[in-house]
Amino acid sequence: MTQRIMTNTDIQGVTPVPKVFFKDVLGMLREAQVGWFGSLMRCRVQDRLGTVLEFPNIYPYATTDTTVDLLEVVSQSFYGRAWVDSRMLNISDTHNMVADIPATKIPSYKPQAYMQAEASTVEDVEQSPSSVIQRELTRYVEKNIDILFESAEELYFEDGMETDFSRELVSLVKKYGNLAMGEIGYLVIYARVDEEVISEALRWLARTNDPSTYGWRLWILEKSLSSKSPSVRDSAALGLVFMRDAHAIPYIKKAIEQETITELRYDLQGALKELEASLDAIPATGNKQA
Amino acid sequence: MPFLLRAISKPRWYSKPWLKTGKAQAMALWDLRPTENRLSFWYVENDKSNLPKVVAAIAAGRDGPDKLDYALFDQDLLTNTGVKIKQTAGDSYHKEADENWHRDVAELSAENVAEIANIIMEHGIKDRIFDRDVTRLVKQEVTSGAIDVYPLKDRLKKKGLSNWLE
């Protein structure tokens with residue numbers, strides 16, 4: 001969706017040129033100059049205190065051939081009376097069409113899963129009967145997901161057992177695809193709900209057999225390996241084992257290197273060993289990208 | 001030195017920088033939720049020879065394949081606290097396990113439960129079996145006839161779940 005909107009966007013007023021700091025797909029910290037877009041875009045960001053701010057008419061964008069992980073972007077912007085360091089939540093156009101995708105530019109070496117995830121988003125938007133319906137649908141899905149996650153905080157989760165939460169989560173992902181994943185990604189990555197709920201969600205996201213959201217789900221799981229919560233980090237690794245995708249191996253290795261809790265480092269090593277063994281043993285079926 | 005086994009979730013038993021060594025975090029109590037002041041355990045032989053069957057017994061009653069985290073600790077440690085350990089019938093559909101290896105620790109106070117948590121934390125072996133191995137163990141017991149698969153299949157069918165037991 002972002003690429004499509006960019007094509008129609010009039011880039012004006014490129015000075016002053018702010019910088020955007022981000023990690024590329026290899027995890028390297030990078031920075032790039034960004035330009036200001038015209039009045040066709042807006043972004044929704046969150047400052048360090050967790051306050052969500054709407055930034056009309058501005059949108060940082062990195063240079064071509066660079067992957068920008070939107071959820072990693074730290075944007076410094078003048079808002080109100082002060083400069084605000086903020087993290088991007090999503091981008092939307094004047095019709096409030098939300099582009100909740102992990103990357104704005106997909107280079108050729110980007111895994112297939114990510115290309116597929118973006119393609120689905122474009123398709124979804126093109127198929128929308130109108131922007132009003134799209135906006136209402138987005139709000140409806142977001143609200144349902146928020147309620148689902150909040151209500152799950154009272155539940156007790158047990159390995160191998162389904163709950164109303166897991167059934168509804170899988171159902172929403174299958175029904176609304178990337179639209180649902182945007183909100184789920186937000187709740188999970190920004191730890192907006194209880195860590196037990198996030199941990200449970202991650203494991204069911206891994207099990208969900210829905211090729212259209214494969215890229216999103218893999219990305220959220222890999223991202224969650226660096227969560228502040230040990231329980232979430234463990235569940236992310238377990239989910240990645242279940243997805244049986246070799247793409248996750250370097251992420252788990254990195255998580256092992258960075259892990260400070262001895263028991264969890266041991267569990268992450270176990271997950272890596274199991275993932276490698278399962279890749280050697282049985283080809284994964286079903287839960288793959290389209 | 002026979003062991004007692006309890007299914008847990010390992011992250012609830014991770015050490016915390018703010019906790020004294022050997023003390024369990026409060027979240028560990030989620031894995032020790034009593035029923036009528038009673039906690040259920042599985043007996044595991046000295047040489048752990050029945051461990052695969054106990055694991056299969058626990059996992060067979062699940063909705064689907066999943067990893068199994070468990071804590072294993074010396075039964076004597078629990079006996080020394082003064083709690084009563086009784087052999088009772090299990091309800092796992094694994095006949096041998098239900099008849100021989102199910103244990104109940106009854107008449108527990110809140111203090112007892114916290115004490116058990118700290119015993120597991122300090123002395124317990126916390127381990128994990130990944131879903132591939134859990135599934136293999138369950139299927140092995142189903143194939144051998146040790147697990148009565150028919151009521152389990154019915155249960156899965158009633159819940160609209162696919163049969164992963166065979």
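**Notebook: pocket, interface and a helix pair**

I looked up which elements line the second largest pocket: α6 and α8 (230-243) of chain A, and β1 (3-8), β2 (39-44), α1 (51-60), β5 (102-106) and α6 (149-158) of chain B, each supply at least two residues of that lining. I note that the model is predicted.

I then recorded the volume of the second largest pocket, which is about 1,200 Å³. I found 43 residues in the lining, and those nearest the centre of the pocket are Y156(A), E158(A), R6(B), A7(B) and I58(B). Sorting the lining by class, I obtained 17 nonpolar, 10 polar and 16 charged residues.

I turned next to the interface of the two chains. I noted 29 residues of chain A in contact with 26 residues of chain B. Between them, chain A and chain B bury about 2,400 Å², and 47% of this area lies on carbon and sulfur atoms. On the chain B side, I listed Y14(B), F130(B) and R132(B) as the residues that lose the most area to chain A; together they account for 29% of what that side buries.

My last entry concerns a helix pair in chain A. I looked up the packing of helix α6 (residues 195-207) of chain A against helix α7 (residues 214-224) of chain A, and found an angle of about 145° with the axes 9 Å apart. The crossing of α6(A) past α7(A) is left-handed. I attributed the contact to L202(A), L205(A) and A206(A) on α6(A), and to R217(A), I220(A), L221(A) and S224(A) on α7(A). By class, I entered five nonpolar residues, one polar and one charged for the contact of α6(A) with α7(A).

How values were computed
Residues are numbered from 1 along each chain as its sequence is written. Chains are lettered from A and ligands numbered from 1 in the order in which they are written. This is a predicted model: local features need pLDDT of at least 70, side-chain atom pairs count only at pLDDT 80 or more; totals for chains, interfaces and linings use all residues. Side-chain values use heavy atoms; hydrogens and water are left out. Axes are lines fitted to C-alpha atoms, for helices over the stretch in contact, and angles run from 0 to 180 degrees between N-to-C directions. Helices (H or I, at least four residues) and strands (E, at least two) are DSSP runs, numbered from the N terminus. A crossing is left-handed if the near helix is turned anticlockwise from the far one by less than a right angle, and right-handed if clockwise. Contact means heavy atoms within 4.5 Å. Ala, Val, Leu, Ile, Met, Phe, Trp, Tyr, Cys and Pro count as nonpolar, Asp, Glu, Lys and Arg as charged, and the others, Gly among them, as polar. On a 1 Å grid over the protein atoms alone, a cavity is a set of points where a 1.4 Å probe fits but cannot get out, and a pocket is an open set with protein on both sides within 12 Å along at least five of seven lines; lining residues have an atom within 4 Å of a point. Grid points are joined across faces, edges and corners, and a volume is the space filled by probe spheres set on the points. Buried area is the accessible area (1.4 Å probe) that two parts lose on being put together, summed over both.
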